[in-house]
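User: Please take a close look at a single part of this structure, and then work outward from there to the surrounding architecture. A connected account would suit me better than a list.

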Amino acid sequence: MFAYIVRRVAAGMVMILAMSLVTMLLFFASPADPARYTCGKNCTPQLLEQNRKALGYDQPVLSYWVDFTKGIFVGSEFPKDPALKKSAPETIADCPAPCLGYSPQSSRPVRDIIVEKLPVSASLAIAAFIMWMIAGVGLGIVAALRKGSIVDRAIVGSALVFYAFPTFFIGLGLYVFLALKWGIVPVPAYTSIADGGVGLWLQGLFLPALTLALVYIAGYIRLTRAFVLEVKGEDYLRTAQAKGLTSGRILFKHTLRGALTPIATVAGLDLGGLLGGTIITEQVFNYDGLGRTAVMAATTYDLPVTVGIVLVAATFVITANIVVDVLYAVIDPRVKYS
Amino acid sequence: MSTWVPTEGTSDALLSVRDLKVTFPTEDGLVKAVNGLTFDLNAGETLGIVGESGSGKSVTSQAIMGLHRGTRAKVEGSIDFDGKNLLKLEDEELRVMRGRDIAMIFQDPLSALHPYYTVGNQIIEAYKVHHGSASKAAVRAHVIDMLERVGIPNPQKRIDQYPHEFSGGMRQRAMIAMALVNSPRLVIADEPTTALDVTVQAQILDLLIDLQKDINAAIIIITHDLGVVAEMADKIMVMYGGKAVEGGTADQTFYSPEHPYTWGLLQSMPRIDRERLDRLRPIPGNPPSLISPPSGCAFHTRCAYRDDENLGCSTIVPEFDVQDWHPVRCLIPAPKRKAIFDTEIRTPSS
C-alpha cells in the first residue's frame with residue numbers, strides 16, 4: 001500500500017511537470033508576443049527587448065521550462081538576464097523555493113498571487129461541496145426509496161431544471177431575486193475569516209456556493225438514485241431481509257454502504273476539480289479567486305500566472321485521484337494495491 | 001412421515017400451504033407465477049420442490065419468507081406456519097420470524113453475502129437481531145462454534161475474513177451457518193448447490209442433512225436437479241407452470257414417476273447407473289407462458305403422450321389423480337401411465 005502511494009505520487013509529479021511544459025508550448029506557439037503585454041503604452045523597442053530578456057521569453061521553450069522547474073525546487077531570481085541584473089540591481093526580485101515564476105503584469109511572484117486567491121476558490125468549492133453532498137445524496141436516496149412516486153419524479157425533475165440552465169443564469173437569478181429584490185440573503189461579498197470572522201465568511205459564501213451546488217446537485221441525485229436502486233436489486237439485500245433485519249438497518253448498513261462507495265469516487269474527483277477555481281461562479285459574484293485570475297492571466301498573456309494556476313489546479317485533481325483510489329481500498333475490502 | 005396428499009382445510013403440520021397464488025402485474029399482462037399450490041410439511045421433514053426455470057419454485061419460497069411484501073406481487077391463499085397464517089401477519093411480526101423461525105439459503109453465496117462486511121460480522125448480525133441481549137463475547141463464541149459445525153476449518157481466523165477470501169464451497173458453508181445460527185424450525189434452501197462444483201455439491205447436501213438432524217428443522221430444498229433431492233428429500237413435489245403436477249415420496253417420484261413431465265426430467269438427466277443411451281432426451285419446447293398458459297393441461301403442448309380426442313388434454317384442466325398417496329395431475333388413466341412408464345421410460349429402447 002505504501003509503495004503504491006509512493007508510486008502514484010511520483011507519477012503525479014511527472015504528470016504535473018509535463019502539464020507545465022504543455023502550457024508553455026501552447027503559450028510560445030501563440031502568434032502574439034507575450035513581452036508586448038508587459039510593456040505598456042510608452043513602449044520602445046529597447047524596453048520590449050529588455051522585458052523579454054528579463055522574463056526569459058527570449059529563451060527556447062525547453063530551457064525556459066528547465067529554468068522554471070529548477071525554480072520550483074531551489075528558488076529563482078528575476079530578472080533572468082545576467083546583464084540586466086548587473087545594470088539595474090534595484091529591479092531584482094527574489095523568488096524563493098518553491099518559485100512558480102514572477103508576474104510582470106502584477107509585479108509580484110506568482111506564488112503570492114496564488115496564496116492570496118486560493119482561499120477564495122477553496123472556500124467556495126468546499127462550501128458548495130458540503131451543500132451538494134448533503135442535498136444531492138440525501139434527495140437521491142429518498143428518490144430511490146420512493147421510486148416511481150410523485151416524490152421521486154418531483155426530485156429528479158426539479159434537479160434537472162437546475163442542471164439544464166447555465167451556471168451564470170442560475171447565479172444571476174439567485175443574485176437578483178434572493179439578494180437584491182427580496183433581500184432574503186445579504187449581497188454576497190467574500191470576506192476572509194481573518195477579516196470578518198466565520199459568520200461573515202459564511203454569509204459571503206452562501207449564494208455563490210448555492211449556485212455551484214445547484215449545478216452539481218442534479219448529477220448527484222441521479223447518481224445516488226441509480227446506485228441505490230442497483231444495490232437494492234443485489235442478492236445480499238435479500239439476504240439481509242431474510243435474516244429479519246429492520247428496514248432501517250437494511251438501508252443504513254447494507255444498502256448505503258454498497259451504494260455510496262462509487263459516489264465517494266466521483267465526489268472526490270469533483271471536489272479536486274473545483275478547488276483549482278471556478279470561472280463562471282467567481283465571475284458572476286465578483287469573487288477574486290483562482291478561476292477569475294486564470295481567465296485574466298490568459299487574456300493578458302501573463303504566462304507565469306497561467307502556468308502557476310494550471311499547476312495548482314492540476315495538483316488538486318491529481319491529489320484527489322490518488323486520495324480517491326486509496327480511499328477505495330479502505331472502503332472496499334476486495335480492493336488491494338501492491 | 002406423512003404421505004404427500006394435498007388436502008383442503010387445516011392441518012397440524014408445521015407448514016401448511018393452501019391454494020397459494022402469486023401473481024405479478026406486468027405491461028404484457030398478469031404473470032401467474034404460482035397458480036394454486038397446496039402442500040404440508042412436518043417438523044424434521046425434507047420436501048424437494050423440483051421444476052425448470054419459471055415453474056414457480058423460487059417464487060413459492062419467497063412467498064413463504066414474505067419477501068414479496070412491498071413489491072407489486074399479489075399473494076393469495078394461505079401459508080400457515082405453526083398455526084399462524086403468514087400472509088396475515090403484520091410486517092413487524094413477520095420480520096421477527098424471518099431468520100429466527102424460517103431461514104433461507106440462497107443459490108449463489110458470493111452475491112448473497114455482502115462484499116464489504118466480514119463473514120463473522122454478517123453471521124453475528126443475523127444472531128444479534130433476534131438475541132439482542134446476548135453479550136458480544138458470547139455471540140462471537142457461538143458463531144465460531146457454528147462455523148466449526150458447518151465444517152469451516154480454523155474458524156477463529158475465518159470469522160474475520162471477507163466473503164471474497166472464501167472458496168465457493170466455504171462460502172456456502174458460511175451461508176448455511178448464517179441460516180442455522182438461530183436454530184430455525186424451517187430452512188428454505190433455494191438451489192443451494194447449483195453454483196458449486198460437483199465435488200462440493202454432495203458435501204453441502206450431506207452437511208445440510210446432518211445439521212437438520214441436530215436441530216430437527218424442516219427443510220424445503222428447491223432445485224431443478226432431481227438428483228439433488230433424490231437422496232435427501234422425504235417427499236418431492238414436481239412443479240410445472242406454477243402448479244404441482246406430481247408429488248410423492250422420493251422413491252415414488254424417482255423410481256415410479258407417473259407424470260410425463262417428470263419422465264422428461266428424468267430422461268434429460270445424465271445417469272451413470274443406467275445403460276448408456278445414445279444421447280440425453282431433452283423435453284421439447286419451452287416452459288409455458290405464465291401470462292396466458294396453455295388451455296387444458298399446461299404440459300400438453302410438450303407432452304409426447306397427449307391424446308386430445310379421447311382424453312381432451314388441450315381442453316380439460318387435470319385435477320390431481322391420487323392413487324396410493326401418489327397424486328399426479330394427468331388425464332391419462334393411472335393403469336396406462338404405469339404401463340407407459342414400465343415399457344418406455346424405465347427400460348428405454350436403445
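Analyst: **One residue of chain B and the wider setting**

Ala103(B) counts as buried because 27 C-beta neighbours lie inside 10 Å, where buried means 20 or more other C-beta atoms within 10 Å of the residue's own, exposed means 12 or fewer, and partly exposed lies in between, with C-beta atoms placed from the backbone. This is a predicted model, in which local features need pLDDT of at least 70 and side-chain atom pairs count only at pLDDT 80 or more, while totals for chains, interfaces and linings use all residues. Residues are numbered from 1 along each chain as its sequence is written, and chains are lettered from A and ligands numbered from 1 in the order in which they are written.

Ala103(B) belongs to strand β6 (residues 102-105) of chain B; strands (E, at least two residues) and helices (H or I, at least four) are DSSP runs numbered from the N terminus. Once neighbours within four places in sequence are set aside, Ala103(B) is in contact with Ala179(B), Leu180(B), Asn182(B), Pro184(B) and Val187(B), a contact being a pair of residues whose C-beta atoms, placed from the backbone, lie within 7 Å. Of these partners, Pro184(B) is 81 residues away along the chain, yet its C-alpha atom is separated from that of Ala103(B) by 6.2 Å.

Elsewhere in chain B, helix α11 (residues 260-267) is largely enclosed by the rest of the structure, because seven of its eight residues are buried. Those residues are Pro260(B), Tyr261(B), Thr262(B), Trp263(B), Gly264(B), Leu265(B) and Leu266(B), and their cover includes β3 (46-50), α9 (226-232), β9 (235-240), β10 (243-249), α10 (250-255) and α13 (334-345) of chain B. Chain B is divided into domain 1 (111-182) and domain 2 (257-345), with bounds that come from an automatic or database domain assignment. The centres of these two domains, taken over C-alpha atoms, are 43 Å apart.

From chain B one can cross to chain A, of which 17 residues are in contact with 22 residues of chain B. On the side of chain A that touches chain B, α9 (235-242) and α10 (247-275) of chain A each supply at least two residues, and α9(A) gives the most, with six. That side has four nonpolar, six polar and seven charged residues, where Ala, Val, Leu, Ile, Met, Phe, Trp, Tyr, Cys and Pro count as nonpolar, Asp, Glu, Lys and Arg as charged, and the others, Gly among them, as polar.

α10(A) also packs against helix α13 (residues 303-331) of chain A, at an angle of about 165 degrees and with the axes 8 Å apart; axes are lines fitted to C-alpha atoms, for helices over the stretch in contact, and angles run from 0 to 180 degrees between N-to-C directions. The two helices are therefore roughly antiparallel, a term for angles over 145 degrees. Residues of α10(A) including Ala264(A), Gly268(A) and Leu275(A) meet residues of α13(A) including Phe316(A), Val324(A) and Ile331(A), and the residues of this contact divide into 12 nonpolar, seven polar and no charged.

Chain A is itself assigned domain 1 (2-111) and domain 2 (112-331), whose C-alpha centres lie 34 Å apart. Between them, 24 residues of domain 1 of chain A are in contact with 20 residues of domain 2 of chain A.

Notes:
Two residues are in contact if their C-beta atoms, placed from the backbone, lie within 7 Å. Angles under 35 degrees count as roughly parallel, over 145 as roughly antiparallel, 65 to 115 as roughly perpendicular and the rest as oblique.
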